Amino acid sequence: MRTRRAATAGKLTVVLATLVLVVAGCGGPSPQAWAASVCQALSPWRAEINKLTSSTQQQMTAQTTPAQAKENLVRLFAGAEQASETARRKVEEAGVPETDHGDEISAGFRASLSKVRDAYGRARDTIDRLDTAQAGPFYDGVRAAVDTLNKEYDASALDTSKLNSPELKKAFDEVPECR
């Protein structure tokens with residue numbers, strides 16, 4: 001009889017311990033942990049976007065055929081689209097920071113990255129549809145696509161004035177991952 005009670009008590013202890021962990025996990029990460037995760041997601045993304053932007057500028061002035069330029073630009077914008085999605089996914093995986101308006105702040109970061117991802121995808125698709133038979137019209141189309149991309153990119157910026165969190169501001173200023 002005692003053995004059976006001991007076994008039941010042991011199982012109950014495991015269940016309770018699991019519940020405690022689950023309930024403790026319901027809260028989001030601390031502002032510091034969240035800021036560190038977000039900066040770890042955004043640092044490689046920024047580096048990749050900077051590299052791709054530089055490559056795009058070089059491609060726009062390079063002496064290549066329109067077909068080569070098209071292939072390179074489509075590949076570059078696809079890379080930027082993928083890098084943006086990877087960053088968005090990592091920010092999503094960071095969870096919701098345990099702070100006032102944490103849901104809104106996390107959603108704002110994800111929405112901004114989604115808009116950037118979509119802008120790169122549209123630019124890629126636009127350039128992919130351009131005819132390369134004549135260089136002049138092709139490069140005019142590329143410039144128009146890049147101008148649209150730049151406008152959409154600027155419009156996707158996160159409006160931090162509505163997402164004011166002193167805890168997160170402090171965390172972003174202090175955690176090593178954000179320096």
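## Helix packing and a disulfide in a predicted all-helix chain

The crossing of α3 and α5 is left-handed. This statement, like the others in this report, refers to a predicted model, in which the axes of α3 and of helix α5, the latter spanning residues 135-155, come within 10 Å and cross at roughly 15°. Because angles under 35 degrees count as roughly parallel, α3 and α5 are roughly parallel to each other. On the α3 side the contact is made by P66, A69, K70, L73 and F77, which meet A135, F138, Y139, V142, V146 and L149 of α5. The residues of this contact of α3 with α5 comprise 10 nonpolar and 1 charged, with no polar residue among them.

The chain as a whole contains 6 helices and 0 strands, and its elements, read along the sequence, follow the pattern α-α-α-α-α-α. Of its 179 residues, 34% count as buried. Among contacts between residues at least 6 apart in sequence, 81% join residues that are at least 24 apart.

A second helix pair, α2 with α6, has axes that come within 8 Å and cross at roughly 55°, which makes α2 oblique to α6. Here α2 passes α6 in a right-handed crossing. The α2 residues P31, Q32, W34, A35, V38 and C39 meet E167, L168, A171 and F172 of α6, and the residues of this contact divide into 8 nonpolar, 1 polar and 1 charged. The two pairs are set side by side below.

| Helix pair | Axes come within | Crossing angle | Handedness |
|---|---|---|---|
| α3 and α5 | 10 Å | roughly 15° | left-handed |
| α2 and α6 | 8 Å | roughly 55° | right-handed |

One of the α2 residues in this contact is A35, which counts as buried at 0% relative accessibility. Leaving aside residues up to four places away in sequence, A35 touches A171, F172, V175 and C178. The C-alpha atoms of A35 and D173 are separated by 9.1 Å, although these two residues lie 138 residues apart along the chain.

C178, which A35 touches, also takes part in a disulfide with C39, the sulfur atoms of the pair being 1.9 Å apart. A disulfide is a covalent bond between the sulfur atoms of two cysteines. The structure holds 1 disulfide, and the link of C39 and C178 is right-handed, with 100° about the S-S bond. Because C39 lies in helix α2 (residues 31-61) and C178 in the segment after α6 (166-174), the pair ties together parts that are 139 residues apart in sequence. As for accessibility, C39 is buried, with a relative accessible area of 8%, whereas C178 counts as partly exposed at 22% relative accessibility; the cut-off that applies here is that buried means under 20% relative accessible area. C39 also belongs to the α2 residues that meet α6.

A separate local feature concerns the backbone of H101, whose phi is near 60°, a positive value in a residue other than glycine. H101 lies in the loop between α3 (66-93) and α4 (102-128), and at 47% relative accessibility H101 counts as partly exposed.

Note on methods: Residues are numbered from 1 along each chain as its sequence is written. This is a predicted model: local features need pLDDT of at least 70, side-chain atom pairs count only at pLDDT 80 or more; totals for chains, interfaces and linings use all residues. Side-chain values use heavy atoms; hydrogens and water are left out. A disulfide is a pair of cysteine sulfur atoms within 2.5 Å. Helices (H or I, at least four residues) and strands (E, at least two) are DSSP runs, numbered from the N terminus. Buried means under 20% relative accessible area, exposed over 50%, partly exposed in between (1.4 Å probe, protein chains only). Axes are lines fitted to C-alpha atoms, for helices over the stretch in contact, and angles run from 0 to 180 degrees between N-to-C directions. Angles under 35 degrees count as roughly parallel, over 145 as roughly antiparallel, 65 to 115 as roughly perpendicular and the rest as oblique. A crossing is left-handed if the near helix is turned anticlockwise from the far one by less than a right angle, and right-handed if clockwise. Contact means heavy atoms within 4.5 Å. Ala, Val, Leu, Ile, Met, Phe, Trp, Tyr, Cys and Pro count as nonpolar, Asp, Glu, Lys and Arg as charged, and the others, Gly among them, as polar.
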